[in-house]
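Reader: Hi! I have a new model open on my screen and would love a quick tour. Could you walk me through it?

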Amino acid sequence: MIGQDLLGIEDLERSKIELILETAVHMQEVGSREVKKIPTLRGRTVINLFFESSTRTKASFEIAGKRLSADVVNFSPSSSSLTKAESILDTAKTLDAMDPDCVVVRHKVAGVPQRIAEVLEAPVINAGDGAHEHPTQALLDMLTVSQAKGRIDGLTVAIIGDIAHSRVARSNIYGFSKLGAEVRVAGPPPMIPPAIEQLGVKAYTSLREVLEGADVIMALRIQNERLSGAYFPSVREYSATFGLNRAKLRWANEDAIVMHPGPVNRGVELDHELTDERPSVILDQVRNGVALRMALLYLISGRAPAAVED
Ligand code: NCD
């Protein structure tokens, strides 16, 4: 994958997904060491180009790069020449002229990472573009599920909430389907895109029905920043209908796990208990995000595979 962009899961072959997940398992070991650093990407430069807010994704890309000994530069739009009306593409080209080995891009508009990738020499990783894709989130979710459940093939994954505006839902639908899981979605009817079943997923409007037989439950935040108008009567009504708590969790398989990409709106999509306690694996997702992003930076801007063992 050296020098290749990672723009989405839709076009990523199953064999590459498996390679990334296997490499991430090696990287997890580095995170458990006392000195969490290997020299694999020494002398390489990674630029984090985040035009939209981020806690988990941005911090984990930075930590991932640093654990591999890369030099990581965090670009901050509000203190850049974007405030002097320089365009996004000119900004990206300017940074590219400094010869980075990888550029990580998040933007609120779908397609911007791809557009940037078209003009840059450096490989581009999409860290989330509008409601389109969030490939690294889906990959870390697949890593988390494969380790929590021992497999992905044959599992039933229920994604619940604002499916229409969620890049996490879209990337996970592609990813889990490619690895042999049955993916279902549920949410208020206006938040379920009419064409969703063309992606091979079954859509439900009842929480109880979507949970019956589910091994993995992924709750999503309402993407308020992408909504105009009302999609459900009130937050209280949403949480009564689609919010998860221990009582409703009994509708799912006994050993089901609960996931959420974060940030969680406590008491809306998940109650406090399910945010903080097993079977929630939310913090495993965060931890795995570092290893997964180390694997990607290594595969995209690294050298020979043997270097992982350094
Ligand atoms: C998600 C995102 O930004 O798409 N968060 C994340 O990257 N972990 C989901 C969200 O904001 O709800």
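Author: Happy to; we can start with the overall fold and then turn to the sheet. Keep in mind that this is a predicted model.

Reader: Thanks! How many helices and strands does the protein chain have?

Author: There are eleven helices and nine strands in the protein chain.

Reader: And what is the radius of gyration of the protein chain?

Author: The value is 19 Å, and because a compact globule of 310 residues would come out near 19 Å, the two agree. Along the principal axes, the C-alpha atoms fit a box of roughly 55 × 45 × 35 Å.

Reader: What percentage of the residues is buried?

Author: Buried residues account for 53% of the 310. As for the surface, the protein chain exposes about 13,400 Å², with 49% of that supplied by carbon and sulfur atoms.

Reader: On to the sheet, then. In what order do the five strands of the open sheet come?

Author: The order is 7-6-5-8-9, and the pairing is parallel. Strand 7 (202-204) and strand 9 (257-259) each have a single partner strand, so one side of each is left without a neighbour in the sheet. From one strand to the next, the twist averages 20 degrees.

Reader: How many bridges join strand 5 to strand 6?

Author: Five bridges link residues 156-160 of strand 5 with residues 182-186 of strand 6. As one example, Ala158 has Arg184 as its bridge partner in strand 6.

Reader: Last one: which strands does helix 5 lie across?

Author: Helix 5 (residues 135-149) lies across strand 8 (216-219) and strand 9, and runs at about 165 degrees to strand 9.

Note on methods: Residues numbered from 1 in each chain as written. Predicted model: local features only at pLDDT ≥ 70, side-chain atom pairs only at ≥ 80, totals over all residues. Heavy atoms only, no water. Pairing = 2+ DSSP bridges. Helix = DSSP H or I, 4+ residues; strand = E, 2+ residues; numbered from the N terminus. Axes fitted to C-alpha atoms, helices over the stretch in contact; angles between N-to-C directions. Contact = heavy atoms within 4.5 Å. Rg over C-alpha atoms; globule rule 2.2 N^0.38 Å. Buried < 20%, exposed > 50% of the residue type's maximum accessible area, 1.4 Å probe, protein only. Areas by Shrake-Rupley, 256 points an atom, 1.4 Å probe, with all protein chains shown as cover.
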